[in-house]
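Good morning, colleagues. Please have the sequence and the coordinates open, as I shall refer to both throughout.

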Amino acid sequence: MSAKAISEQTGKEFLYKHICTSAAVQNRFRYASVTTDTDWDQLAQDHSWLLTERLVVKPDQLIKRRGKLGLVGVNLDLQGVKEWLKPRLMKETTVAKAKGVLKNFLIEPFVPHKQEEEFYVCIYATREGDHVLFHHEGGVDIGDVDSKAQKFLVGVDEKLTEADVKTHLLGHAPADKKDILASFVVGLFNLYEDLYFTYLEINPLVVTKDGVYVLDMAAKIDATADYICKAKWGDVEFPPPFGREAYPEEAYIADLDAKSGASLKLTILNPRGRIWTMVAGGGASVVYSDTICDLGGVDELANYGEYSGAPSEQQTYDYAKTILSLMTREKHSDGKVLIIGGSIANFTNVAATFKGIVRAIKDYQVPLKENEVTIFVRRGGPNYQEGLRVMGEVGKTTGIPIHVFGTETHMTAIVGMALGHRPIPNQPPTAAHTANFLLNSSGSASTPATSRTASFSETKTSNEATPAKKAKPGVPPEAQHPTSDSAQAKATTLFSSHTKSIVWGMQTRAVQGMLDFDYICSRVEPSVAAMVYPFTGDHKQKFYWGHKEILIPVFKSMGDAMKKHPEVDVLINFASLRSAFDSSMETMQYPQIHTIAIIAEGIPEAQTRKLIKKADEKGVTIIGPATVGGIKPGCYKIGNTGGMLDNILASKLYRPGSVAYVSRSGGMSNELNNIISRTTDGVYEGVAIGGDRYPGSTFMDHVLRYQDTPGVKMIVLLGEIGGCEEYRICQGIKEGRITKPMVSWCIGTCATMFSSEVQFGHAGACANQASETAVAKNQALGEAGAFVPKSFDELGDAIKSVYDELVAKGVIVPAKEVPPPTVPMDYSWARELGLIRKPASFMTSICDERGQELIYAGMPITEVFKEEMGIGGVLGLLWFQRRLPRYACQFIEMCLMVTADHGPAVSGAHNTIVCARAGKDLISSLTSGLLTIGDRFGGALDAAARQFSKAFDSSLIPMEFVNKMKKEGKLIMGIGHRVKSINNPDMRVQILKDFVKQNFPATPLLDYALEVEKITTSKKPNLILNVDGFIGVAFVDLLRTCGGFTREEADEYVDIGALNGIFVLGRSMGFIGHYLDQKRLKQGLYRHPWDDISYVLPEHMTM
């Protein structure tokens, strides 16, 4: 959503902070907010003027015409304000159809003035520019301002001057106030532009001898411009429409949405309702709401929302559990239904998103059963069969009634089932599996003969079309496409089987999808000539062309790509919302580009309008923003349009049909592909213009193209609530510019049934006046001559009826079906579908990073921190695959601490220091030190553990063990120290010994080693049990006695070197410390002194 209403207080704060005008704006920042929690003494202390001035008080909750409704208290003192609020604060009030509680009020200074000092000013955005309205009479009795006010259109990228204001707007204003009004209006307009307002109304604006007073204000800002205006806006709170509460769950989902590249929306309409929805897609979510309301469920509809844009499993889980939590809080006597619906996805992996929903259902299975919830599922798209299977399985395992349907079932049929208006099939027909479309049943790897690329309907010279209205005689085609003098004419044909494109962004999956589509359409060459990605150098990217591998160049610079590929005339722009504007404007510098598809959602409307203006000047057709693109079967497809190959083949998009469509929604365009393929000979061309308020090209642009395209025999229009573009279609039909049969339907009919305003999934899907409602548009289209069904449910029937009539009249002659070439399935997708298996190159059993949360040996990372397991606990999970007792974790951490360092003189630290002083990096220096670890330095832990364990397990008494080692000429590992002795004990060993004796259940091997120490120190005092030896034997005791390991497991960990890992890990900390120390001290290259080297050369060499 882009245009969002802000509170009056927020709007005035923006104005007072940022307006630049010579007019003296009075009462700046003099307002106080009151809620039920307000401390009046503190409020008076913070705003001392409350005690000295007369006041005005009014609710600040997006309520229109407050004065008419008696909701403004005027000329009161502070006590009067309190008395005025008593019967109103926290009281339920009805405004139009909406019932709500008055809870936020605004207090401001009362401004004494005369009626003739009141004015009205308003600025609002349209596709062509910004309209400024001014009326010399303001106030509550202004009436129909649209008919009264002076209007002036400031075109896109144009400036408003004081001369413009005086000439076009202030004709009836008092002469002595024109200068101050002109300055203020220009300042207001500049503020409106700079802060990305979309609507700004002041009524009344009062101008007295003291200056300008902004009394009442209403405003909307473009929320998508947050990344541009954050510094000026700060943290903006968008209040809900009056009559609808702001729920914390809505804020939670809004926060998830803000942090995600996907789209997640939730509006709670009736928390006690029995009908809940979880719908994928902005357009589909509106269609489901429409159908629920059409079938009488408006009073029981609990929520509106949508998820789209390939949310991750975790994001879907969070979204689903929020809805399940809400719907299971209060029981309903008739039970509840959850409709998990959606159109056919273009690129979202349905199975992956369903995993998140299934997780949520499992978590809430008890409350779902207690609330008698029945779930109805309908979905299509990539891997939808697996998603439906998993959803069906969870129904069986949990005992929750879950009815599952795929693309064989009309999109909204499950609504009728859920509401009891149609029976639930026992065995729904199963659509063919993805694999059935993609695997070559003949076993041949060769490419089949070229499939047909001409129109699917045989062109007849006579009786070419059945007009809805007679065309005007003698009107040339070019006259039906009026253009301004400065604008270049746009192409009627956007795509052909020879169209070449550049893709902006490293969208390898989308590009591969385009190439696969090209291949099954039997194109001679790929439709993607190059890619542009500014964040890497020029290189080539590997893709598949049928069975072969090909290379597509990737350029860092748009200019280089255009220069190397002059044949390209289409750009598919996958840039993010922050860079889509700049990259698209850059593209229009190159005259070879005729079409740009902008995929990103959330581009600020002001930027989109600049793109439209530039495109009109350059003769460029823009598809988008906020679109999946478009498709011309047999020729070309944009990015992810049409979904994966299974849907393209199922919907027969590999060859042209006779029906062209245009819609706003990308997801619903794929649903149209499905509907049209089932009811007609298929799609000739389809475009999703995008869900923003100002799409780059309009319904009319594409309908007129279809009108002039001989292969198109009928047109389908899927409009929606918001905007007025559909009325241009009505006008075109009435004027005879559109003569081909048109089936149309506008979604969003439910909006008129809601008591408060609902912003649907698309930014442009909100009616600002009665004419913008879907109901009004459908009526107008029907009256104009289009075929308009009673509901979306009947859209397919209407399309079939018109098509059958055209076939009966011979306008369409269905041609013989030609099978498309088969395309080998990608390995990754075949594996996703469970069609193949292969041995893994690696096996791991300690960590899994594939999900939304890192897992250590089966324990989520959040649990690791919640349990405060520490480094020792993590080491236990990753090294030993189990949770160790608390004392074991502490012992591991103590071992790491005592082995961290032993001074710069030992070989490992010495090597690290020398390497660091040679200018090597951290990794090289650390590795140099670690490579010295072995039996002579630090690597005695494993050896000591093995020697002592073997002797102890062999029942050798300590003296026998010592004598045996001496006889064999072997050192006892872990015994002996260069500095420490029995008289100068190693405090590290003492610390560890005290802990082990106090906490370990038993220490048989340590006791054995201490007996050996008594024997060795009796011979030489420095033959003590050193820290390596102590850790080695103590760790064996730990493994054998903690209860977590079998004897075989304990011995295996010693044999595979786990104990030396303790020293390596601990000493790495010290080595890194030495490296950083040398760098900090800026030590130069180390050269060993000559006098510390004994040069011993052979005698014959010195003679």
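Searching the whole structure yields 1 cavity of 30 Å³ or more. A cavity here is a set of points, on a 1 Å grid over the protein atoms alone, where a 1.4 Å probe fits but cannot get out. Grid points are joined across faces, edges and corners, and a volume is the space filled by probe spheres set on the points. The largest cavity has a volume of about 30 Å³.

I should state the basis of these values. This is a predicted model, in which local features need pLDDT of at least 70 and side-chain atom pairs count only at pLDDT 80 or more, while totals for chains, interfaces and linings use all residues. Residues are numbered from 1 along each chain as its sequence is written, and side-chain values use heavy atoms, with hydrogens and water left out.

Which residues line the largest cavity? They are Phe134, His135, His136, Lys148, Gln150, Leu169, Gly171, His172 and Ala173, where a lining residue has an atom within 4 Å of a point. By class, this lining comprises 3 nonpolar, 5 polar and 1 charged residues. Ala, Val, Leu, Ile, Met, Phe, Trp, Tyr, Cys and Pro count as nonpolar, Asp, Glu, Lys and Arg as charged, and the others, Gly among them, as polar.

I turn to the sheets. Helices (H or I, at least four residues) and strands (E, at least two) are DSSP runs, numbered from the N terminus, and two strands pair if DSSP finds at least two bridges between them. An open sheet of 4 strands follows the order β15-β17-β18-β19, with parallel pairing. Its edge strands, β15 (275–277) and β19 (402–405), each pair on one side only. On average, neighbouring strands of this sheet are turned by 15 degrees against each other, direction ignored; axes are lines fitted to C-alpha atoms, for helices over the stretch in contact, and angles run from 0 to 180 degrees between N-to-C directions.

Between β15 and β17 (residues 336–340), which run parallel, there are 3 bridges. Thr277 has Ile339 as its bridge partner in β17. Helix α10 (residues 313–327) packs on this sheet and touches β15, β17 and β18 (373–378), contact meaning heavy atoms within 4.5 Å. The direction of α10 makes about 165 degrees with that of β17.

A further open sheet has 3 strands in the order β33-β34-β35, and its pairing is antiparallel. Here the edge strands are β33 (847–848) and β35 (859–860). Strand β34 (residues 855–856) is joined to β35 by 2 bridges, and Ile855 has Pro860 as its bridge partner.

Next, the aromatic rings. The structure holds 22 aromatic pairs; rings of Phe, Tyr and Trp (its six-membered ring) pair if their centres lie within 6.5 Å, with planes under 30 degrees apart counted as stacked, over 60 as edge-to-face and the rest as tilted. For Phe880 and Phe1035, the ring centres are 6.2 Å apart and the planes stand at 40 degrees, so the pair is tilted. This pair links distant parts of the chain, Phe880 being in helix α28 (residues 870–880) and Phe1035 in helix α36 (residues 1027–1041), 155 residues apart.

Finally, the backbone. The peptide bond from Asn203 to Pro204 is cis, with omega near 0 degrees, and Pro204 belongs to strand β11 (residues 197–208).

Conventions:
On a 1 Å grid over the protein atoms alone, a cavity is a set of points where a 1.4 Å probe fits but cannot get out, and a pocket is an open set with protein on both sides within 12 Å along at least five of seven lines; lining residues have an atom within 4 Å of a point.
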